[in-house]
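Work through the exercises below with the model open beside you, and try each task before you read its solution.

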Amino acid sequence: MENITIIGGGNLGKSIATGLVKSNLYSANEIIVTGRSQNRLETIKDSLEVAVSTDNVLAIEGSKYIILCVQPKQLAGLLAEIKSALKPEQVLISTITGTSIQEIENMVDGNKLLRAMPNTAASKLQSITCIACGENAKSELDQVQMIFRTIGKTLVIDESLMQSATVLGASGIAFFLRYIRAVTQGGIQMGFHPGEAQLIAVQTAIGAATLVAENNTHPEREIDKVTTPMGCTIAGLNEMEHQGLSSAVIKGLMMSYEKINHIK
Ligand SMILES: NC(=O)c1ccc[n+]([C@@H]2O[C@H](COP(=O)([O-])OP(=O)(O)OC[C@H]3O[C@@H](n4cnc5c(N)ncnc54)[C@H](OP(=O)(O)O)[C@@H]3O)[C@@H](O)[C@H]2O)c1
């Protein structure tokens, strides 16, 4: 009974299922994805060959791990629906923004509970998943980390940091993509076709991230290596800072953080 049921095959649920199948550590027949729209589930079934179902109660029956991927406002109804079918040994993993372990504990009957905050790069095995563990779920932490390590990197955090993790890691995908879009637009203005500009922007972003990730350096060390005194890079960097690049990013993150604290 080590199967995984993903409840809610939307943007995130489908990304996780895609990553798990792609990792080759889970076979498609160990994963079940649920949802309400049969059409959407058929698409998931066709592309991933996992089992799909609109019946949550049936779908959790043979699974040890149940990953909750519905919208925050859908959670209470969902838990009311599956509560009586949950077995004590089943482990609930909530990816849901803004609902605490304590709040979920109050809606179920003593199941082991963890929160996980992955991102949609799970589908490319490049997620960062922050994991917070309920008091009664400590024995499951290693196994849950193993599940999410198949779709990227993991970081165990205190639950008090879960909102911050959501902004940095989950919304972070959108923030980095907006930067890539801006670079692409700049490239087009300088003479590249859109596809070419995007190729350069994307591969340069991957390169920059890989330098920091693999060299384990501070970004500024890598910046120094491409910044010639009186050259074009420092001229561009300084202009970006005069225009408020770092400040805009930090302010955007803090605005997102403020907003997330009011999401329910
Ligand atoms: N998207 C992200 O990058 C991301 C990252 C980290 C965390 N999260 C969290 O993940 C959760 C899902 O986000 P999302 O972006 O994937 O939302 P989404 O695209 O709206 O997906 C939610 C899915 O849940 C399904 N659903 C709703 N009620 C259900 C029920 N009772 N039983 C089974 N399935 C049900 C919906 O199915 P129908 O479409 O058929 O109604 C939909 O496919 C949210 O709580 C969010 O905070 C999202």
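**Exercise 1.** How far apart do the end C-alpha atoms of residues 4–96 lie, and what percentages of the span are helix and strand?

*Solution.* Keep in mind that this is a predicted model. Begin with the record: UniProt, in an unreviewed entry, places the feature "domain: Pyrroline-5-carboxylate reductase catalytic N-terminal" at residues 4–96. Next, take the two ends of this span, whose C-alpha atoms lie 17 Å apart. Finally, look at the secondary structure, where 39% of the span is helix and 23% is strand.

**Exercise 2.** Describe residues 159–260 by the same steps.

*Solution.* The UniProt record, again an unreviewed entry, places the feature "domain: Pyrroline-5-carboxylate reductase dimerisation" at these residues. The end C-alpha atoms of residues 159–260 lie 14 Å apart, and the span is 80% helix and 0% strand.

**Exercise 3.** Where does the ligand sit, and which residues come nearest to it?

*Solution.* First locate the ligand, which sits in the second largest pocket. Then turn to the 25 residues around the ligand, of which Leu12, Ser37, Val70, Gln71 and Thr97 come nearest. Sorting this shell by residue type gives 9 nonpolar, 13 polar and 3 charged residues.

**Exercise 4.** Which backbone atoms lie close to oxygen atoms of the ligand, given a cut-off of 3.5 Å for a polar contact?

*Solution.* Take the residues in turn along the chain. A backbone N or O atom of Gly10 is 3.3 Å from a ligand oxygen atom, a polar backbone atom of Leu12 is 2.8 Å from an oxygen atom of the ligand, and for Val70 the distance from a backbone N or O atom to a ligand oxygen is 2.6 Å. As a last step, consider the surface of the ligand: taken alone it exposes 900 Å², and the protein buries 81% of that.

Notes. Residues numbered from 1 in each chain as written. Predicted model: local features only at pLDDT ≥ 70, side-chain atom pairs only at ≥ 80, totals over all residues. Heavy atoms only, no water. Near = heavy atom within 4 Å. Polar contact = N/O pair within 3.5 Å; in protein donor to acceptor, adjacent residues only side chain to side chain. Areas by Shrake-Rupley, 256 points an atom, 1.4 Å probe, with all protein chains shown as cover. 1 Å grid on protein atoms, 1.4 Å probe; cavity = no way out; pocket = protein on both sides within 12 Å on 5 of 7 lines; lining within 4 Å. Sits in = over half its atoms within 2 Å of the grid points. Nonpolar A, V, L, I, M, F, W, Y, C, P; charged D, E, K, R; others polar. UniProt positions renumbered as here; feature names shortened; annotations may be inferred. Helix = DSSP H or I, 4+ residues; strand = E, 2+ residues; numbered from the N terminus.
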